[in-house]
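Let's take a friendly walk through this structure, one residue and one element at a time. Have the viewer open as you read.

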Amino acid sequence: MNAQTFSALAEPNRLNIVDLLLERPLSVGEIAKKLELNQPQTSKHLRVLCDAGLVEVQPEANRRIYRLRAEPFQELDKWLDSYRRIWEGRMDRLDDYLQVLQGKKTLN
């Protein structure tokens, strides 16, 4: 993972754009309308997301259609997986402890 990915996703409007693009590819105008942003502001956010490699753009006639790139999100998921395993282990131990407190389990 790189800091540019986290920096791009840290801004709420950009995170909202990513959420919109999860549904389907959209033009700048469609994104701006759905998020009630002006088009230049939306374009700036999309440029940051493009520079971070999170979205790609495809020209269609006089419109630019933006879509998410899967690879950076797969990389993020892989990075988060190590933390997910740590928390799952801790939650399992907490569950065991709670069962001991409730008398449903004994300590080994």
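Leaving out residues up to four places away in sequence, Glu30 touches Arg24 and Arg63. Please keep in mind that this is a predicted model. Glu30 itself is found in helix H3. Is Glu30 buried, exposed or partly exposed? Its relative accessibility is 24%, so Glu30 counts as partly exposed, given that the partly exposed class lies between 20% and 50%. You can also use Glu30 as a ruler for the fold: Glu30 and Glu71 are 41 residues apart in sequence, and their C-alpha atoms are 24 Å apart in space.

One of the contacts of Glu30, Arg63, leads us to the sheet, since Arg63 in S3 is the bridge partner of Glu60. Which order do the strands take? The sheet is open and has three strands, in the order S1-S3-S2, with antiparallel pairing. Strands S1 (26-27) and S2 (55-60) are at the edges with a single partner strand each, so one side of each has no neighbour in the sheet. As a general reminder, the strands of a sheet pair through backbone hydrogen bonds, in either a parallel or an antiparallel way.

Now look at the two pairings in turn. S2 and strand S3 (residues 63-68) are joined by six bridges in the antiparallel sense. You can follow the register along the pair: Glu60 is matched with Arg63 in S3, Pro59 with Arg64 in S3, and Glu56 with Arg67 in S3. On the other side, S1 and S3 pair over two bridges, again in the antiparallel sense. Here Ser27 stands opposite Ile65 in S3.

S2 and S3 form a hairpin, with two residues between them. Ala61 lies in the loop between these strands, S2 and S3. This residue has a positive phi of about 55 degrees, although it is not a glycine. Is Ala61 buried or exposed? With a relative accessible area of 84%, Ala61 is exposed, because the exposed class begins over 50%. Another residue to look up for its backbone is Glu36, in the loop between H3 and H4. Glu36 is not a glycine, and its phi is positive, near 55 degrees. Its relative accessibility is 72%, so Glu36 counts as exposed.

Let's move on to the helices. Helix H2 (residues 12-23) and H4 pack with their axes 10 Å apart, at an angle of about 80 degrees. H2 and H4 are therefore roughly perpendicular to each other, because angles from 65 to 115 degrees fall in that class. Which residues meet where H2 packs on H4? From H2 come Asn13, Arg14, Ile17 and Val18, and from H4 come Gln41, His45, Leu46, Val48 and Leu49. Sorted by class, this contact has five nonpolar, three polar and one charged residues.

Two members of this contact deserve a visit of their own. His45 lies in helix H4 (residues 39-51). Its relative accessibility is 10%, so His45 counts as buried, given that buried means under 20%. Not counting residues up to four places away in sequence, His45 touches Glu11, Asn13, Arg14, Ile17 and Leu37. With the neighbours within four places set aside as well, Leu49 is in contact with Ala8, Arg14, Ile17, Val18, Leu54 and Val55.

Leu49 also takes us to our last stop, the largest nonpolar core, where it is among the residues with the most contacts. How many residues does this core have? The core has 17 residues, and Leu21, Ile31, Leu46 and Leu49 have the most contacts inside it. Helix H1 (3-10), H2, helix H3 (28-35), H4 and S3 are the elements that give two or more residues to this core. H2 gives the most, with four residues. In general terms, nonpolar side chains tend to be buried together in soluble globular proteins.

Conventions. Residues numbered from 1 in each chain as written. Predicted model: local features only at pLDDT ≥ 70, side-chain atom pairs only at ≥ 80, totals over all residues. Heavy atoms only, no water. Buried < 20%, exposed > 50% of the residue type's maximum accessible area, 1.4 Å probe, protein only. Contact = heavy atoms within 4.5 Å. Pairing = 2+ DSSP bridges. Axes fitted to C-alpha atoms, helices over the stretch in contact; angles between N-to-C directions. Parallel < 35°, antiparallel > 145°, perpendicular 65-115°, else oblique. Nonpolar A, V, L, I, M, F, W, Y, C, P; charged D, E, K, R; others polar. Core = buried A, V, L, I, M, F, W, Y, C linked by side-chain atoms within 4.5 Å.
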